[in-house]
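Please load the model in your viewer and colour the chains separately before reading on. The stops below are meant to be followed in order, with a selection to make at each.

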Protein chains: 2
Amino acid sequence: METTEQLNKAYADLLAQQHFVESELDYTIPEKHKAQLQQLAQLGNSGVTVFDLYRKQHLFWSYNMEMLFGYDPELMEQKGNDYINSRIHPDDYMTLTRNGIFLLNFVFALPLSERMDYKLINEYRILNQAGHYMRVIEQHQPLELDPRGNIWLAMSMMDVAPDQDEYRGVRYQLLNYKTGRFVLPYSGAVSPDMPLTLTKREQEILFLIRDGLLSKEISEKLFISVHTVNTHRQHILEKLGASNSIEAVHYASQLGLLQ
Amino acid sequence: METTEQLNKAYADLLAQQHFVESELDYTIPEKHKAQLQQLAQLGNSGVTVFDLYRKQHLFWSYNMEMLFGYDPELMEQKGNDYINSRIHPDDYMTLTRNGIFLLNFVFALPLSERMDYKLINEYRILNQAGHYMRVIEQHQPLELDPRGNIWLAMSMMDVAPDQDEYRGVRYQLLNYKTGRFVLPYSGAVSPDMPLTLTKREQEILFLIRDGLLSKEISEKLFISVHTVNTHRQHILEKLGASNSIEAVHYASQLGLLQ
């Protein structure tokens, strides 16, 4: 079982994998975005923020984050991300961090030309003005890559969730907004501390699962028992954090394990 | 039980209550919005549409409605709202129409200065490109009032829902985005065909409920039996479509029945 500290460290380590060169970052770019972001917040009445993955701080914070969600702009100014994190329901924080790790791993594995094509949509609980938990929907997406293709600026749009069930944890989707297709939700067992590798046999079996073969057919093809096939299957699901074969195939293909 | 036709008629009747004078409507205004709406769609990767309540047609339809949600732009052009409605899950259509009716009634009852302050957030099912149901979140809000205070242009922002449970019906919230407060979800029993009036006794009892009195205390105060109080209570809940007393008080106060 991972601890919050382990997860935070894994996330920080991942962020540190991006090598920025300060002189290559043109800070007039976020300035130019500001008017548009302001309009986005005003027209849509959504909370809009921009995070700088190089400086590891917010560059933009829309005026309505206070009235919509009760964020204190002064505390935000003083404490930054620590303040934001302190308002997230503790049961949701770990899942959100895991999603962040998944998103970074996922995007790092993409060719540069596809890095801007995805949105992570999280629904989770934060404290509101009155000190009660409310559900919000936050859509994360890259706003700018640097000249090396690093994810430099990330945008978030925050809205009130239609479901205000305070006893439910995080819901999320990763969406390719150019195709409208979902990347299946990541189910949480994979941590970047355990680099994900399938054995040759597991990979072989996953290919056959992808091709639609049943366990019995796989066992006949590979001259092993059905029981052995099912044991491999179970290990594959566990490694991928998948709850069924379809999820496993999608997830493995997203991670480049089916090539 | 209402039929779809009754609900559609009730909605059309409500829309017809707004009296527009064509010469007062400045159609350069929506033109000026278009660049901003385009940006909103592009930056947020949300579907953005604008509906004209005078002409009863869409004036804006963002380029990404097809790739995100599978709307065919040609069919949209030809058939307009009929096409949009045909893609909504039939079990969700009635609730959405009821929500639309509630929203109009609610906004009509507001002073002009507050008519722009609310967002209706619906989560419901539409057919996607592949012909399967997907859940979307649509945020409706007024974009422009006419010089008489009529709701002239309404904007909608559509996003993919984090919850993709295809067996669940509509979820919704009505939010005052200036205060961050929810108007409690309307629970659906009130139809504009039955104009909502409480008897003098019901109103009297609702006031006492609001003041925190229990049924027994109300019965003592009004010299009636607890059973009679509870019968009135039940009628009040039914008339207001409320599922408990707190909801009834909020809802009645929103409808101006507690003045």
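The tour goes from the symmetry of the pair to the interface, and then to a single chain.

Keep in mind throughout that this is a predicted model.

**The axis.** Begin with both chains shown as C-alpha traces and superpose chain B on chain A, which takes a rotation of 180° with 0.1 Å of shift along the axis and leaves an RMSD of 0.1 Å. The two copies are thus related as by a two-fold rotation axis. The contact surface follows this relation, since 100% of the contact residues of chain B recur in chain A, the same surface serving both copies. To find the axis by eye, select Leu40(B), whose C-alpha, at 2.8 Å, comes closest to it among the residues of chain B.

**The interface as a whole.** Next, select the residues of each chain that touch the other: 36 residues of chain B are in contact with 36 residues of chain A. Together the two chains bury about 3,100 Å², and 61% of this area lies on carbon and sulfur atoms. Highlight Leu43(B), Asn45(B) and Pro162(B), which supply 21% of the area that chain B buries against chain A, more than any other three residues.

**Polar pairs across the interface.** Now display side chains on both sides, where 18 residue pairs are in polar contact between chain B and chain A, counting pairs in which both residues have pLDDT 80 or more. The elements of chain B that each give two or more residues to this side are α2 (28-44), α3 (65-69), β3 (118-127), β4 (133-145), β5 (151-160) and β6 (171-176). Of these, α2(B) makes the largest contribution, with 6 residues. Coloured by class, the side of chain B that touches chain A shows 18 nonpolar, 12 polar and 6 charged residues.

Which salt bridge does Lys119(A) form? Its partner is Asp159(B), and the closest N and O atoms of the two are 3.2 Å apart. In total, 4 salt bridges are found across the interface of chain B and chain A.

**Within chain A.** Hide chain B and select Asp117(A) with Lys178(A), whose side chains meet in a salt bridge at 3.1 Å, N to O. Because Asp117(A) lies in the loop between α6 (90-108) and β3 (118-127) of chain A, and Lys178(A) in the loop between β6 (171-176) and β7 (181-183) of chain A, the pair ties together parts that are 61 residues apart in sequence.

**The two domains.** Finally, colour chain A by its domain assignment, which gives domain 1 (4-183) and domain 2 (200-254). The C-alpha centres of these two domains of chain A lie 35 Å apart.

Definitions and conventions. Residues numbered from 1 in each chain as written. Chains lettered and ligands numbered in written order. Predicted model: local features only at pLDDT ≥ 70, side-chain atom pairs only at ≥ 80, totals over all residues. Heavy atoms only, no water. Contact = heavy atoms within 4.5 Å. Buried area = accessible area lost by both parts, 1.4 Å probe. Polar contact = N/O pair within 3.5 Å; in protein donor to acceptor, adjacent residues only side chain to side chain. Helix = DSSP H or I, 4+ residues; strand = E, 2+ residues; numbered from the N terminus. Nonpolar A, V, L, I, M, F, W, Y, C, P; charged D, E, K, R; others polar. Least-squares fit on C-alpha atoms with pLDDT ≥ 70 in both. Domains from an automatic or database assignment.
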